[in-house]
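Visitor: I'd like a close look at one part: what surrounds the ligand? Once we've been there, carry on to a few other spots along the chain.

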Amino acid sequence: MSMPENFLWGGATAANQYEGAFDTDGKGLSIADVERGSVKGVPRTIDETVKEGVFYPSHTATDFYHHYKEDIALFAEMGFKCYRMSIAWTRIFPNGDDAKPNEAGLQFYDSVFDELHKYGIEPVVTLHHYEMPLNLVKKYGAWRNRKLVDLAVRYAKVVMERYKEKVKYWLTFNEINALVISPRPWHQAGIIYGPDENPADVKLQASHHQLLASALTIIEGRKINPEFQFGCMLIYPLSYAYTCKPTDQILAREKMLRTYYFGDVHVRGRYTNSCRTFQESISGHFTMEPGDDEILKEGVVDFIAFSYYFSQVESDEPLMELVGNVAKGGKNPYLKVTEWGWQIDPVGLRNALNNLYDRYQIPLFIVENGMGAIDRLEEDGTVHDDYRIFYLKEHLSAMKDAVEIDHVDLMGYTMWGCTDLVSAGTGELRKRYGFIYVDQNDDGSGTMKRYKKDSFYWYQNLIRTNGQLLDQEE
Ligand code: BGP
């Protein structure tokens, strides 16, 4: 038994958390650029615009913009088969509704894709990863407004046309279901609820617009290159029943509808009965226009990509709650937590893979998984992150069981934050995920020098053996 021969091992990042250069070469402001980073436990602040004299870690991030050659060479050294990244909409259309695309932005991604192909690394590209143009929030009210569908599809067509020979794998919206799960849909959809708004209505209307934009992107993309492969991208916070009480099981199942709502539309091409249950459960209403049904039906995905970080438990009895960056849920007494309170559940990844595959029967792709931790750079330039190796070993063994024992059809695995970058949830740099340490800190100090952590060599060996290293280490 072994992993598929063409398994896509790699790493994942997002433009707003990694590139830096937030106003370079014509880039416009995105919603991520006006969020101030915070320290642990203190909520982030959203400004109308960039404030003078305030430090925003994401503005420099870990500067992929100026280090992409060096970083891609390190990915190649680890043996990456693929690299998941996102395109910043604001590099291409600085205001989202500009008359013409920004050529400098298009050229930057040309250079990145060329560099990846030099090493035989396949790009996996997310079109929307938590960074819509700020102008679209101010001018149109973000994803509440159907106008966003046209603008997003226009942007997608420009980049799919430009990179049709360079990119095969496309993901439409990062963690599209975060829009309904998160109490702060700012990251996902640029939305802050108004005093007179019913959040449930806004959530469903904005979700419908994103689902339409996703379907139309897929329809248009297939005209540009029929070889393109499209995936949706779901956050998968797995819910278990806290006890064997049947009503706990009902609650756990209902909680998962926040994820399946989006999976169902992307795979089945329609709002299913489960979707109706979810809409009714939150008492939300939204409007569809004539022709929307046909668009959703035609624009279905080829595969499901998802992020997996933790599981949580549900009960109708009071529970101690844990909060991740998007989802919150009950604490499981059998599981340990990370320094940021995220429950560590490797077997949950096997459960997640089986649940998704049983429900949809199309290929899956794990495009985010990993562990945020505080790493220490030693004087000799080493970083001994044995905790990260342990975390990955456990999760990847569970993944391997899902493929080899349960016969789940899995395309690949990209570890989140393969080079250290800014946290989406807290805006910190000290919450590190990478195989590659970047000397850059929350107060703006640092040399931006790159260092290989112990996990770098471990992952390199894992890819070299196509996962067999996990069997030897058991
Ligand atoms: C996912 C996001 C990523 C990433 C990751 C880790 O929800 O898609 O952008 O940041 O979570 O979360 P955090 O950065 O908050 O630790």
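Guide: Helices and strands here are DSSP runs numbered from the N terminus (H or I over at least four residues for a helix, E over at least two for a strand). By that count, Tyr 119 sits in the loop between helix 5 (103–118) and strand 5 (122–128), and we'll come back to it. What you have is a predicted model, in which local features need pLDDT of at least 70 and side-chain atom pairs count only at pLDDT 80 or more, while totals for chains, interfaces and linings use all residues. Numbering starts from 1 along each chain as its sequence is written, and side-chain values use heavy atoms, with hydrogens and water left out.

Now for the ligand. It is surrounded by 14 residues (each with a heavy atom within 4 Å), and Gln 17, Glu 175, Ala 424, Lys 431 and Tyr 433 are the closest. Sort that shell by type and you get five nonpolar, six polar and three charged residues; here Ala, Val, Leu, Ile, Met, Phe, Trp, Tyr, Cys and Pro are nonpolar, Asp, Glu, Lys and Arg are charged, and the others, Gly among them, are polar.

Look at the ligand's oxygen atoms next. One lies 2.5 Å from a side-chain N or O atom of Tyr 433. From Ala 424 it is the backbone that contributes, with an N or O atom 2.7 Å from a ligand oxygen. His 129 uses its side chain, where an N or O atom is 2.9 Å from an oxygen of the ligand. As for cover, the ligand has 380 Å² of accessible area on its own, and the protein covers 100% of that (Shrake-Rupley areas, 1.4 Å probe).

On to Asp 71, in helix 3 (residues 64–78). Its side chain makes a polar contact of 2.5 Å with that of Tyr 18; such a contact is a pair of N or O atoms within 3.5 Å, and within protein one must be able to donate a hydrogen and the other to accept it, with residues adjacent in sequence counting only if both atoms are side-chain atoms. Asp 71 counts as buried because its relative accessible area is 0%, where buried is under 20%, exposed over 50% and partly exposed in between (1.4 Å probe, protein chains only).

Gly 11, in strand 1 (residues 8–12), is buried at 0% too. Follow the chain 359 residues to Gly 370 and the C-alpha atoms turn out to be 10.0 Å apart. Lys 452, in strand 18 (residues 446–452), is partly exposed at 27%, and its C-alpha is 18 Å from that of Trp 9, 443 residues away in sequence. Back to Tyr 119: it is partly exposed, at 34%, and its C-alpha lies 18 Å from that of Thr 419, 300 residues along the chain.

Last, some backbone oddities. Most residues other than glycine have a negative phi. Ala 142 has a positive one, about 60°, in the loop between helix 6 (134–140) and helix 7 (147–162), and is buried at 0%. Ser 283 also goes positive, at about 50°. You'll find Ser 283 in the loop between helix 12 (273–281) and helix 13 (292–298), partly exposed at 48%.
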